[in-house]
Amino acid sequence: MRPSEIILHGFRGHPLHPPLTDASIGAYTVATFAVVAGWLGWSESLMVGTGFVATTVGLVLALPTAVTGLVDLLHIPRDVGARRTAWLHLGIMVSATVLFLVAAVLLYPGYVDGDVPTSAAVTTVVAFAVLTAGGWVGGALAYVHGIRVLNEPNASLDQALRPRAPEHGANLPS
C-alpha cells in the first residue's frame, strides 16, 4: 500500500474519514454550546471566545475531513445506491461548513468585544442542525450501505485492531 493511499484513505477496515469527522463534530459541538451559553448570558465574554476558537478549529479540521470523505466517495462504484447517499452527505456537510464559516465571521466582533451577536448565535445553531442532518446521512453510508465496513463479526480482537492492506482489485466497501 502506497503512503499516499494510507494518508488519504486509511487501511482496510480502518478508514480515516470517520475519526476526522469525530474531531470536527466535537469542535463544532463545543462551539455551539459555548455560543448558546454566552448568548444566554452565562460568562458571555468567555463563551464567545470559546465559541469562536472552537468554530475555527472545526473549520481547520473540516479540510482533511472533507478530503478523506471525497476520496472515499470517489471509490464507491457508480452503479450502487450508496453513491447517491454519499453525494447527499457531501452536499449537506459542505452547507454546514459554509454556515459555520459565516458563524465565525459573525462571531469575530463578539470575540473582540466580549458579547455574542444574536446573528452569530442563530447561524451557529442552524449550522449545527445542518451538521446533525449530515451526520445522520453519513451514518447511513456505514450502517445501511456498509461502506468501509468489513462486517467480520467473528474476527478476533487482534484481527479487528490490526490494519490490513487493501485487497487487489477490490472496491468499496472495505
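This report looks at the biggest pocket and the salt bridges of a predicted model.

**The pocket**

Let's start with the open space. The largest pocket comes in at a volume of about 850 Å³. Its lining counts 32 residues, and those that sit nearest the centre are His17, Thr21, Gly69, His89 and Gly138. Four helices give two or more residues each to that lining: α2 (17-39), α3 (44-74), α4 (81-113) and α5 (118-143). Sorted by class, the wall of this pocket is made up of 19 nonpolar, 10 polar and three charged residues.

**The salt bridges**

Side chains of opposite charge can pair when their charged atoms come close. Searching the whole structure turns up two salt bridges, and here they are side by side.

| Salt bridge | Closest N and O atoms |
|---|---|
| Arg148 with Asp72 | 2.9 Å |
| Arg162 with Asp158 | 2.6 Å |

What does the pair of Arg148 and Asp72 tie together? Arg148 belongs to the loop between α5 and α6 (157-161), while Asp72 is part of helix α3, so the bridge links parts that are 76 residues apart in sequence.

Both partners of that bridge are tucked away, given that buried means under 20% relative accessible area. Arg148 has a relative accessible area of 7% and is buried, and Asp72, at 9%, is buried too.

How exposed is Arg162, from the other bridge? Its relative accessibility is 42%, so Arg162 counts as partly exposed. Its partner in the salt bridge is Asp158.

Technical notes:
Residues are numbered from 1 along each chain as its sequence is written. This is a predicted model: local features need pLDDT of at least 70, side-chain atom pairs count only at pLDDT 80 or more; totals for chains, interfaces and linings use all residues. Side-chain values use heavy atoms; hydrogens and water are left out. On a 1 Å grid over the protein atoms alone, a cavity is a set of points where a 1.4 Å probe fits but cannot get out, and a pocket is an open set with protein on both sides within 12 Å along at least five of seven lines; lining residues have an atom within 4 Å of a point. Grid points are joined across faces, edges and corners, and a volume is the space filled by probe spheres set on the points. Ala, Val, Leu, Ile, Met, Phe, Trp, Tyr, Cys and Pro count as nonpolar, Asp, Glu, Lys and Arg as charged, and the others, Gly among them, as polar. A salt bridge is a side-chain nitrogen of Lys or Arg within 4 Å of a carboxyl oxygen of Asp or Glu. Buried means under 20% relative accessible area, exposed over 50%, partly exposed in between (1.4 Å probe, protein chains only).
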